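Trainee: I am new to this structure and would like a close look at one part of it. Could you walk me through it slowly?

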Amino acid sequence: MTSLGVPDMTEIDQTSCPKEAASYDEWVARFGAYALHQGQAEKVIRTAFAHVSENPTIRDRAGKQAEFVTPVWTYLDRAVSAERVAKGQAQLPQNRALLAEIERDFGTNAAILMGIWGIETDFGGNFGDVNVFEALSNVGYGTSRKDFACTELLSALKIASAGRIAPGQMIGSWAGAMGHSQFLPSNYLTIAVDRDGSGAPDLWTSMPDVFASTANHLVRDGWQRDLPWGFEVKLPAGFPYQEAELDIEHPIDHWQQRGVRRIDGQALPNLPGGTSILVLAGHKGPAFLVTRNFRAILKYNYSTSYALAVAYLGDRVMGGKGVQAKWPVDEPPLALAEREELQQRLVDRGLLDGAVDGVIGLKTRKAIRGFQLQVGLPADGFATQALLLELRRRAAG
Ligand SMILES: [Ca+2]
């Protein structure tokens with residue numbers, strides 16, 4: 001049977017999440033001992049881990065920076081493909097009544113639920129085939145995310161203890177995200193909804209449970225009824241691009257007064273709450289105005305490309321248009337060494353402190369904007385070959 005036997009978990013004194021282990025089997029045994037210490041039943045632990053095994057691909061994937069980061073336009077092309085839109089539209093008729101009931105009760109419309117379902121699992125076609133105990137024990141042993149793995153494994157054991165969902169039924173991705181809605185076990189415990197009254201949320205086979213759980217996730221993160229996620233906009237000449245960042249929010253009037261218009265030239269609608277301008281590929285690419293509902297999508301998965309894909313897939317499935325403005329598709333991507341060089345040069349100029357890790361996140365974008373403002377370029381925070389060249393030129397001169 002199991003990895004829990006070398007040595008047996010009942011012979012190990014483990015009062016905290018195991019950090020060091022000589023082997024995968026030992027980590028699992030130590031986690032089992034820790035779970036016992038946390039009050040989980042031995043029988044449940046043994047059943048849950050009866051068929052797990054080591055998978056080195058998880059360890060190999062963790063912590064590596066990609067040589068090239070997929071540009072947002074390529075990501076969107078794949079995530080919101082015509083094939084996927086058609087697939088979503090084919091799923092609409094049999095789900096329409098259910099989606100209307102969920103909208104009545106939660107305020108989340110069909111578009112957003114279809115968008116998340118499609119991006120997370122290709123409308124249920126691909127929610128992974130890995131048992132959650134196997135996935136998370138490999139994360140715990142093979143990566144630095146040990147506390148995350150321990151927390152989620154304990155949550156998974158609590159789900160199994162409740163007896164309504166069998167450990168073998170808890171299937172999902174290599175990251176431990178389960179079912180149609182890709183919920184981590186802790187999300188399952190706190191957010192998932194038993195909409196069909198079977199006695200437990202079933203995120204694998206019950207669409208009422210899946211949609212209600214996703215809706216509940218969004219509502220808890222601030223989703224507001226009858227508020228769009230946002231829309232594409234046209235920015236005026238001379239727009240201060242340093243204001244196009246998610247952590248800068250203004251009432252929509254602020255943008256209207258500064259000349260921001262809908263992509264078709266119409267005035268901005270009157271919407272409540274703070275709104276932000278989002279530019280994901282610099283001043284030569286499309287721009288979007290986003291509301292608090294876009295932020296609620298980001299809570300599902302903190303990536304602006306992800307959230308934009310969810311938003312557009314939902315819109316397209318419901319018959320809306322895709323992104324209108326052109327992406328700067330000829331912009332050559334920066335290799336890992338170039339991204340690191342760019343960061344190092346920003347550090348050298350005193351604009352960036354922190355890790356030179358090749359990840360262009362909020363801090364690096366702000367540093368790029370600082371440089372762009374110093375040299376009189378549009379402060380869009382977009383890392384390009386031209387920007388790197390300009391940094392080199394200024395350093396030499
Ligand atoms: Ca249920």
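Trainee: Let's take strand β7: in which sense do strand β6 (residues 274–279) and β7 pair, and over how many bridges?

Mentor: Happy to! Please keep in mind that this is a predicted model. Strands β6 and β7 pair in the antiparallel sense, over four bridges. To find one of these contacts on your screen, pick valine 279, whose bridge partner in β7 is alanine 287.

Now turn to another neighbour of β7. Strand β3, which covers residues 230–234, also pairs with β7 in the antiparallel sense, again over four bridges. Here you can look for phenylalanine 231, which has leucine 289 as its bridge partner in β7.

Step back and the whole sheet comes into view. Five strands make up an open sheet with antiparallel pairing, and their order is β4-β6-β7-β3-β5. At the edges stand β4 (250–251) and β5 (261–262), each with a single partner strand, so one side of each has no neighbour in the sheet.

What about the side chains of β7? In a regular strand, side chains alternate between the two faces of the sheet. Strand β7 spans residues 287–290, with Ala287 and Leu289 pointing one way and Phe288 and Val290 pointing the other way. All four of these residues are buried.

Two of the residues we have met lead on to aromatic contacts. Phe288 belongs to a cluster linked by ring pairs, together with Trp73, Trp229, Phe294, Tyr312 and Trp327. Phenylalanine 231, the partner of leucine 289, has arginine 262 lying over its face, at 4.0 Å from the ring centre.

The cluster is one place to see ring pairs, and a search of the whole structure finds 16 aromatic pairs. One of them, away from our strand, joins tryptophan 117 and phenylalanine 211 edge-to-face, with 5.4 Å centre to centre and 85° between the planes. Tryptophan 117 sits in helix α6 (residues 110–121) and phenylalanine 211 in helix α10 (residues 207–220), so this pair ties together parts 94 residues apart in sequence. Both tryptophan 117 and phenylalanine 211 are buried. Back in the cluster, tryptophan 229 and phenylalanine 294 form a tilted pair, 6.1 Å centre to centre and with 40° between the planes. That pair links tryptophan 229, in the loop between α10 and β3, to phenylalanine 294 in helix α12 (residues 292–300), 65 residues apart. Tryptophan 229 and phenylalanine 294 are both buried.

Conventions. Residues are numbered from 1 along each chain as its sequence is written. This is a predicted model: local features need pLDDT of at least 70, side-chain atom pairs count only at pLDDT 80 or more; totals for chains, interfaces and linings use all residues. Side-chain values use heavy atoms; hydrogens and water are left out. Buried means under 20% relative accessible area, exposed over 50%, partly exposed in between (1.4 Å probe, protein chains only). Two strands pair if DSSP finds at least two bridges between them. Rings of Phe, Tyr and Trp (its six-membered ring) pair if their centres lie within 6.5 Å; planes under 30 degrees apart count as stacked, over 60 as edge-to-face and the rest as tilted. A charge sits over a ring if NZ of Lys or CZ of Arg is within 6 Å of the ring centre and within 35 degrees of the ring normal.
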